[in-house]
Amino acid sequence: MTMHLPHLPLLTCLLAASIGLASAAAEAPSAAHADGPVAGLRTISADLRTATGPMNRMHEFCIGAGRANEGLRADWQRQLVRAHDECGFRYIRFHGLFCDDMGVYFEDKGSPVYNWQYIDELFDFLQRIGMKPFVEIGFMPSALASGSQTIFWWRGNVTPPKDYEKWEAFVAAFVRHCTERYGADEVRTWYFEVWNEPNLDGFWMGNPEKKSYEEWAPGARAEYLKLYASTARAVKSVDQKLRVGGPATAGEGWIDETLAYCADQKVPLDFVSTHSYATMSGYLDEHGNAGTVFSPDRNAITAGVQRVRGQIDRSPFPKAELHYTEWSASYTPSDPIHDSCHSASFILDKMRKIAAASESMSYWTFTDIFEEAGPRNTPFHGGFGLFNYQDLPKPSFFAYKFLHRLGATQLTCSDPAAFVCKGRADTVQALFWDFTITHPGPSVINQEFYRKDQPAKSKPPVELTLAGLNSGSYRLVVTKVGYRSNDVQTAWRDLGSPSQLAAYQVEGLRKASSGAACIDEPVRIGADGRFSRRFEIRENDVYMVELSPLRIE
């Protein structure tokens, strides 16, 4: 295979590399050779002969989406294919699998009628692209619901079943159908999570009497645990090897209570799930109207994950897996931090620190096709997604894409904001970033701060040094994300923040967020097996550096 090297004809590149002249090639402005001492210089070093073990892939285990019915749309499916292919996501979780718009449950003179057509269409698609459902069991079909309280534009019913025997039979019929359609071995790899955020009154039984949370919570928790036990029995009645868990709570709530209940009542619990967002307050903003404030705590998210892991370890279920089935910088679908260049370094900081403390961290969500408050009317409205409506990737997308490109073996590296990995055929990848909390504090909400232009300040440069390389010619590819680098929000703002985009504007924004390399050139590794390069870095910049041996056939 012939390897194409942009900017220089292939023959010239090879000749320059072979005689060691490639180091004299013109530099991209984002990098400089190590040519003297610099105050505060940050050094990232790794040796290919010293590994810590396999690279942890928990970051790509699962990704979130709004609701099941949206998964029947072509644009949703198109974006998920790209997210799977480029970021490696293996499971996907969404609300509303049993809502009326999925047509799953009716009654004919009191007799249940089941219909799996829409679920089959969605699950068949996931199977075709190599993904699996992380099944959120909910919400309640209206024909089976005990009340009329709903949430969201699409009216998810949040009340308990009017008949728990019918509910158990319905859940068992659904699980049995999936087993028959996809095979027991496949469905045993799935996860069945009971409900979503039952510790918030908007998601569970409503709060018609306007009780305080302290008055509402005990009864709500008892009813949820009843639902959990009923649902777990239904799932396990089909196959004891299927995995069921919960409580899928907001803000890491009800963990000890769920663990204790399942132990006391001998109810199966294969995994614990919960949610966390890096904001200073609040857990539900259905209409996207809340003013949110990014947490100033650098250990936000991380500390909570470690605390919940400790709760599990000390419980009667110490081997239970931990899955964060929602997490992000903010809990509202109208927060410009989601669109911002700040999001990439935030994601990487959390993934580096959390590591093996959780089996998964499911980012909420992969797409802005998300209709809790109905369809949005602007291309960048602070939606949760890695992509906006026009398939334009945000900086958050590149965080996951870079993580996926890291090789299978993680090398020893003491820098807390870097991964250095070794891949196939002597390839090396170094991913490093600066995570700086620039938010001014509680006096300014995210909807004001991250909507404005926020130029990044310079930080001391980074010197990347690698040892243990085989001598020879390599291709160096460097990709950068940060302020005005693959920064689609700022590019959109430069257009005047139009509420609707013309085709030529979409194409311009696509180029501004293309993920094109800022450096792509040959380098020569000498007999000492060392590589060194200095990079200028600013607040919240992210660099992906890839070295690949040149082979010409």
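Q: In this predicted model, what makes Cys262 count as buried or exposed?
A: Cys262 has a relative accessible area of 1%. Buried means under 20%, so Cys262 is called buried.

Q: How do you know whether Cys518 is in a disulfide?
A: Look at the sulfurs: the nearest cysteine sulfur to that of Cys518 belongs to Cys341, and it is 15 Å away. A disulfide needs the two sulfur atoms within 2.5 Å, so Cys518 is in no disulfide. A search of the whole structure turns up zero disulfides.

Q: Why is Cys518 called partly exposed?
A: Its relative accessible area is 29%. Partly exposed sits between the 20% and 50% cut-offs, so Cys518 gets that label.

Q: And what makes Arg155 exposed?
A: Arg155 comes in at 60% relative accessibility, and exposed means over 50%; therefore Arg155 counts as exposed. This residue lies in the loop between S9 and strand S10 (156-157), and its phi is near 60°, a positive value in a residue other than glycine.

Q: Which label does Ala355 get, and why?
A: At 30% relative accessibility, Ala355 falls between 20% and 50%, so Ala355 counts as partly exposed. You'll find Ala355 in the loop between helix H9 (342-354) and strand S15 (360-363). Ala355 also has a positive phi, about 45°, although it is not a glycine.

Q: Why go easy on residues 1-32?
A: pLDDT stays under 50 over residues 1-32. Where pLDDT is low, the predicted coordinates should not be read in detail. The protein chain, for its part, averages a pLDDT of 92.

Note on methods
Residues are numbered from 1 along each chain as its sequence is written. This is a predicted model: local features need pLDDT of at least 70, side-chain atom pairs count only at pLDDT 80 or more; totals for chains, interfaces and linings use all residues. Side-chain values use heavy atoms; hydrogens and water are left out. pLDDT is the predictor's confidence in each residue, from 0 to 100. Contact means heavy atoms within 4.5 Å. Buried means under 20% relative accessible area, exposed over 50%, partly exposed in between (1.4 Å probe, protein chains only). Helices (H or I, at least four residues) and strands (E, at least two) are DSSP runs, numbered from the N terminus.
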